[in-house]
Amino acid sequence: MFALLAFAALFAAPVWVVAVVVKLLSVVLRGRRPDWRVRLLRWGAGMVAAAGVILLVLALGAVEMSDHESRSGTNSSPAPACRDAAPHLVEHLVGHRASYLPPSFDCVLEDGTTYPSSGHYVWLNGLVVTCAAVSALLALGARRRAAREMGVPVAERVG
């Protein structure tokens, strides 16, 4: 299921990029609404959250593809992702672990230790967390900016 969603995310990513470019161009041009700053912060929060979801779906799809590849077909054991990551450890591989939250595909050695099949999961997980934090900060900034523009006193803004 995640693999199909990952294909959809591959098509959604260019649409996301076009939407961001068009929005940034509209900010540069004249004729903006008076409340454009608040609206831009809200839109930015939503788009950064969408980027995080796209990245998460791509990572989940990659985990599912690696897991499926290791369970089906000729030459599927040990997992191809594990063989490609560390060819010198192939004779010590006994299995693999697929995790969906956070996305990772780890290879298990005879002594019980593990190593990641790919370094991509680390930076994808980091980008997803970063997108979530930036989105929350932008949403908070939009809320505070809207309260300031409406003239709400500082003591009443909190909460």
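How many disulfides does the count come to? Before selecting any cysteines, keep in mind that this is a predicted model, and begin with the whole chain in view.

**The whole chain**

Display the chain as a cartoon and follow it from the N terminus, where the elements run α-α-α-β-β-β-α-α, giving 5 helices and 3 strands. The radius of gyration is 22 Å, well over the 15 Å that the globule rule gives for 159 residues, so the chain is more spread out than a compact globule. If you align the view with the principal axes, the C-alpha atoms fill a box of roughly 70 × 35 × 25 Å. Colouring by burial will pick out 30% of the 159 residues as buried, and switching on the surface shows an accessible area of about 10200 Å², of which 67% belongs to carbon and sulfur atoms. Among contacts between residues at least 6 apart in sequence, 56% join residues at least 24 apart.

**Helix H2 and what follows**

Next select residues 36-71, which form helix H2. A distance between the end C-alpha atoms of H2 gives 52 Å, and this agrees with expectation because 36 residues at 1.5 Å a residue should also span 52 Å. Move on past the end of the helix to Gly73, which follows H2 and has a positive phi, near 90 degrees.

**The disulfide**

Now select the cysteines to settle the opening question: the count comes to 1 disulfide, formed by Cys82 and Cys107, whose sulfur atoms lie 1.9 Å apart. Because Cys82 belongs to helix H3 (residues 80-85) and Cys107 to strand S2 (residues 103-109), the pair ties together parts that are 25 residues apart in sequence. Set a dihedral about the S-S bond and you will find -95 degrees, which makes the link of Cys82 and Cys107 left-handed. Both partners, Cys82 and Cys107, are buried.

Another cysteine to select is Cys131, which counts as buried because its relative accessible area of 13% is under the 20% cut-off.

**Helix H4 and Ser135**

Finish with residues 120-150, helix H4, and select Ser135 within that helix. Is Ser135 buried or exposed? Ser135 is buried, because its relative accessible area is 11%, which is also under 20%. To see what surrounds this side of H4, show the residues that Ser135 touches, not counting those up to four places away in sequence: they are Ala45, Val48 and Ala49.

Technical notes:
Residues numbered from 1 in each chain as written. Predicted model: local features only at pLDDT ≥ 70, side-chain atom pairs only at ≥ 80, totals over all residues. Heavy atoms only, no water. Helix = DSSP H or I, 4+ residues; strand = E, 2+ residues; numbered from the N terminus. Buried < 20%, exposed > 50% of the residue type's maximum accessible area, 1.4 Å probe, protein only. Contact = heavy atoms within 4.5 Å. Disulfide = S-S within 2.5 Å. Expected span 1.5 Å × (residues − 1). Rg over C-alpha atoms; globule rule 2.2 N^0.38 Å. Areas by Shrake-Rupley, 256 points an atom, 1.4 Å probe, with all protein chains shown as cover.
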